[in-house]
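Trainee: Could you take me slowly through the salt bridges of this structure, saying where each partner sits and how much of its surface is covered?

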Amino acid sequence: SQRGYIKGSWSEPLSVRPIDFTRSEGPDDEGLEFVSGAAVDPAKKAIAHAKAFGYAEKEADRIPSSIAAFEALTSAPSYRPDLDLAWRDCAGEIVSFVGVWFDPVSRLAILEPVGTIPAYRRRRLAESLIEEGARRAAALGATALYVGSDQEFYRRIGFETVLRQDVWEYRKK
């Protein structure tokens with residue numbers, strides 16, 4: 001608090017699963033292309049994010065800043081293009097995506113963001129991206145996957161909520 005932070009009125013969940021958890025069934029990916037790295041256009045990923053999280057139409061004015069944020073992410077010191085994964089439709093639009101962030105010191109992989117646009121949900125697309133991200137992170141030495149969510153989707157694919165973290169907000173003095 002001496003540095004300008006105020007404890008928020010909410011907390012966020014943290015869920016984890018072992019890196020070696022795999023499923024045998026593949027996704028329903030007919031007509032889709034798996035892409036990673038430079039083939040994942042940050043602007044198209046930002047638009048997919050807006051659709052997946054429901055602000056594409058109601059808050060379209062947020063999209064330019066979302067595009068800028070996704071472009072900036074590719075310059076982050078811990079960004080790895082090989083862990084930026086997506087499914088693309090025949091028109092080249094991203095329909096499902098996952099970013100995997102790997103910390104070699106803790107040997108943990110963190111999922112952020114994960115999303116699928118509504119028309120493509122329930123086809124196991126995000127799950128397949130998480131599995132591929134887990135495989136790639138395991139090859140780097142990761143031992144577990146973490147996600148800041150306790151949604152049913154994550155519980156269904158083997159994540160368990162292990163704690164809730166208080167959120168602190170920075171307030172300029």
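Mentor: What follows looks at the salt bridges one pair at a time and then turns to a patch on the surface.

Please keep in mind that this is a predicted model, and that the structure holds 13 salt bridges, of which I will describe some.

Let us begin with glutamate 131 and arginine 17, whose side chains meet in a salt bridge with a distance of 3.1 Å from N to O. Because glutamate 131 lies in helix α3, which covers residues 125-140, while arginine 17 belongs to strand β1, residues 5-18, this pair ties together parts that are 114 residues apart in sequence. When you look at how covered the two partners are, you will find that glutamate 131 has a relative accessibility of 15% and therefore counts as buried, since the cut-off for buried is under 20% relative accessible area. Arginine 17 is buried as well, with a relative accessible area of 1%.

Staying in helix α3, you can next find glutamate 132, which forms a salt bridge with arginine 135, and here the closest N and O atoms are 2.5 Å apart. Both glutamate 132 and arginine 135 lie in this helix, and they are three residues apart, which is about one turn of the helix. Glutamate 132, at 18% relative accessibility, also counts as buried. The pair does not stand by itself, for Glu132, Arg135 and Arg136 are linked in a network of salt bridges.

A further salt bridge is the one in which the side chains of arginine 164 and aspartate 150 meet, at 3.2 Å from N to O. Arginine 164 is found in strand β7, residues 160-170, whereas aspartate 150 is in the loop between β6 (144-147) and α4 (152-156), and the pair links these distant parts of the chain, 14 residues apart. As for their cover, arginine 164 counts as partly exposed at 48% relative accessibility, and aspartate 150 is likewise partly exposed, with a relative accessible area of 30%.

Strand β7 also leads us to the surface patch, because tyrosine 170 lies in that strand. Together with Tyr5 and Trp168, Tyr170 forms a nonpolar patch on the surface, and the three have about 350 Å² of accessible area together. Tyrosine 170 has a relative accessibility of 48% and so counts as partly exposed.

Notes:
Residues numbered from 1 in each chain as written. Predicted model: local features only at pLDDT ≥ 70, side-chain atom pairs only at ≥ 80, totals over all residues. Heavy atoms only, no water. Salt bridge = Lys/Arg side-chain N within 4 Å of Asp/Glu carboxyl O. Helix = DSSP H or I, 4+ residues; strand = E, 2+ residues; numbered from the N terminus. Buried < 20%, exposed > 50% of the residue type's maximum accessible area, 1.4 Å probe, protein only. Patch = residues over 30% accessible without salt bridge, like charges linked within 9 Å, V, L, I, M, F, W, Y side chains within 5 Å. Areas by Shrake-Rupley, 256 points an atom, 1.4 Å probe, with all protein chains shown as cover.
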